[in-house]
Each structure stands twice: as C-alpha cells, then as structure tokens.
Amino acid sequence: PFSGGAYGYARATMGRTVGYCVGIAESIEYIFAASGGILVIGGLMTTLIGMHHQTEPIWWFCCYTIAIFINLCGGSVLWSSFIVSTFLCLIILFMTYFGAIKYWDTSEYAFNIQPQLNGNLWFIYGADSVFRSVPGAIWFFLGIELIPITAEEVFKPKKALPFGFISTQIVCTICSFSTLIIVSSIPPGIAQFSINFMPISESLATIFSSQDSIRLFSILTIPCILTSAFCSIFGYTRQIFAMSRSGYLPAFLSLTYNQVPWAALLFGTIIGIISLVLLKFVGAILPELGSAFLNLSILTALFSYIIQMISYLILKFKYPSIRRKFKSPLH
C-alpha cells in the first residue's frame, strides 16, 4: 500500500512523467469536487435562511474552517467525524428508500417518458445519450480511489485496504442503483428526476406529502454534501503531501503538525477558494464556467481511473511473481 494512491501505481509502472500527470489530475479532481460541494452548501444555506446570495462566501469560510479544524485534530477526531457523517448519510438514504415503498409504481413513473427523435423505450434520447450521461453517473462512485491514500492512516493496511475497497464498492453499488431506481419510480417521476438538482429532497417531500417544504427537506441533504466535500479535502491534502515527499511538488508542502500535513491542506484549500471566487463572480459573466469546472473534475477523474486500470494490467502481466498479500477476487 502506498499513500500516494493512483499516482504511485502509475509511477511504478509507466514512469515519473505519467505518475506526475496522474497526481496532478487527482489533486484537481479532489480540489474541485470539494469546492463544488461547498458552493452548493453556500447556495442552500443562504436560500433556506433567506440571506442575500452575496453572503455565500461566509458559508464557504465556515465549511473550510470546520474542515481545516477537523483535519488538524487528526486521529480519532478525523475518523470519528467521517464515520458519524457517513452513517448519517446512509440513514437519510435508507429513510428515503423505505418511505418510497408506499408510492412505488415503476410503470407509472419510471417509464412515463415518450421516446424522442431516434429514441426508444430504453434510450429515450437515443443510444448516444448514454455517453452524455456518463459524467453524471460517475458521481455515484467519484472518490472511491481515495482509499489507498489512507495507507498510512490505518492499522494493517495490507488487510484493511482490500476490505475497504470491496466493502465500499458493494455499498456504493447498492446505494447508487437503489437511488436511481427508487427515486425515479415515485412521484413526480423520472421526467422530473432527470432535471432535478436535488432528487432526494424532492423524494422526501413526496414521502412526507409536503411539496411546500421541499426547501426544508434540502437541509437533510446538507450532511451528505458536506461529507463528500470533507472527504475530498482529506484527499487533496494527502495527495499533495505524498507528491511533495516524492519530489514532485515543493518540499514545504510536506510540512506537518501533529503528523497532519497542514501545508498541503492550506495550499489545496487556497486553490479551492480561488476556484469558488471564479465560479461565483466570474461565472455570473460566463455561465459556462461552472460546467467547465465540473467537466474538468470529471475529466481528471476519468484520466486517473484509466491510468489505474492500465497500471494494474502492467503489474499483473509484467510482474506476475511480485509479492502481494491481496489478489483480486475476479482473477
């Protein structure tokens, strides 16, 4: 196990240049994923409380401050916060799943869209729409590659990391398919679900028969968004720290306090805040900037995933006798 994650695999199999590119790509992915989540929270909080939208930076500051504090505490505080927030997210999801049983009607709500030009029942907007939907689908599993970065944070990583990978994939697969199928099979149906920015909030409003309180139900989604953002902050902190130790980035980024890489944490946070400022104020002039940041985050993630798969195959066939404690159950 290597705390640098994907870039460590790439460096070992494809050379330093490819390793550097993967490391930078993953850092960009985590920084933009975190800032994107915090941007959403800022918009939600100002709307729910009735504050002016220009006060959103206050919520950005609060989110980043809390994240920095938790990361600097490290140890049990950091991991306890992750565990509690993750279980809270699962409770919200399963509350939605079980509450939706009463309204479940796949034929009425999941298949009530008429095929468009060149489309059919399974591909409403045509087969090419599958590829246009890939960026959104990736968000179901975005960040799962964070697990190797925890190699220096856990006991017995050679056993803990494989278990973490397999269990995480199982949970994410169950939750992603359950969310897609269940939420699209209750009112208002898949037509609205496909364009709704926060489908869980809409689903909870349906379950509790209170469409007028949909903003209130949005509060329940905040822990989920915040957990995702905080995990991404942890990710870019450890990624930048590992790259600095390997000589890819300036040495000062590997400075630590209480075994916490504070320099990498602050460096990534500053870049995240700059991206938020650009999205908020420059994005008002150039609306397509928001989509560009989102697509860049997805693109860097895809690049990282592809290189990881290639690296795995190289390790598998070029070094078949290499000593390893874990072998993929699919081989």
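These are my notes on a few residues, cores and helices that I looked up in this structure.

**Entry 1: the model.** I am working from a predicted model.

**Entry 2: the largest nonpolar core.** I began with the largest nonpolar core, which has 44 residues. I looked for the members that touch the most other members and found I38, F230, I233 and Y236. I then listed the elements that give two or more residues to this core: α1 (6-14), α2 (16-49), α3 (56-73), α4 (75-99), α11, α12 and α13 (288-318). The most comes from α11, with 11 residues. As background, I noted that nonpolar side chains tend to be buried together in soluble globular proteins.

**Entry 3: I38.** Which residues does I38 touch, not counting those up to four places away in sequence? I found W60, C63, Y64, A229, I233 and L276. I233 is thus on this list and also among the core members that touch the most others.

**Entry 4: a second core.** I also found a second, separate core of 15 residues. I92, A100, F193 and A205 are among its members.

**Entry 5: helix α9.** A205 led me to α9, which spans residues 199-207. How many residues of α9 are buried? I counted 8 of 9, so the helix is mostly covered, given that buried means under 20% relative accessible area. The buried ones are I200, S201, E202, S203, L204, A205, T206 and I207. Just after α9, I noted a positive phi of about 50° at S209.

**Entry 6: S176.** Next I looked up S176, in helix α7 (residues 157-183). Is S176 buried or exposed? Its relative accessible area is 5%, so I put S176 down as buried. A polar atom of the S176 side chain lies 3.0 Å from the backbone oxygen of T173. Leaving aside neighbours within four places in sequence, I found S176 in contact with F140 and F141.

**Entry 7: Y257 and a surface patch.** I found Y257 in the loop between α11 (222-245) and α12 (262-282). Y257 has a relative accessible area of 55%, so I recorded this residue as exposed. Y257 helps make a nonpolar surface patch of about 830 Å². The other residues I listed for the patch are F252, L255, W262, L266, I270, I274, L278 and V282.

**Entry 8: L279.** Last, I looked up L279, which is placed in helix α12. With a relative accessible area of 17%, L279 is buried. I also checked L279 against A292, 13 residues apart along the chain, and found their C-alpha atoms separated by 9.8 Å.

Note on methods: Residues are numbered from 1 along each chain as its sequence is written. This is a predicted model: local features need pLDDT of at least 70, side-chain atom pairs count only at pLDDT 80 or more; totals for chains, interfaces and linings use all residues. Side-chain values use heavy atoms; hydrogens and water are left out. Helices (H or I, at least four residues) and strands (E, at least two) are DSSP runs, numbered from the N terminus. Buried means under 20% relative accessible area, exposed over 50%, partly exposed in between (1.4 Å probe, protein chains only). A polar contact is a pair of N or O atoms within 3.5 Å; within protein, one must be able to donate a hydrogen and the other to accept it, and residues adjacent in sequence count only if both atoms are side-chain atoms. Contact means heavy atoms within 4.5 Å. Patches are made of residues with over 30% relative accessible area and no salt bridge: like charges are joined within 9 Å, nonpolar side chains (Val, Leu, Ile, Met, Phe, Trp, Tyr) within 5 Å. Accessible areas come from the Shrake-Rupley method with a 1.4 Å probe; for residues, only the protein chains shown count as cover. A salt bridge is a side-chain nitrogen of Lys or Arg within 4 Å of a carboxyl oxygen of Asp or Glu. A nonpolar core is a set of buried Ala, Val, Leu, Ile, Met, Phe, Trp, Tyr and Cys residues joined through side-chain atoms within 4.5 Å.
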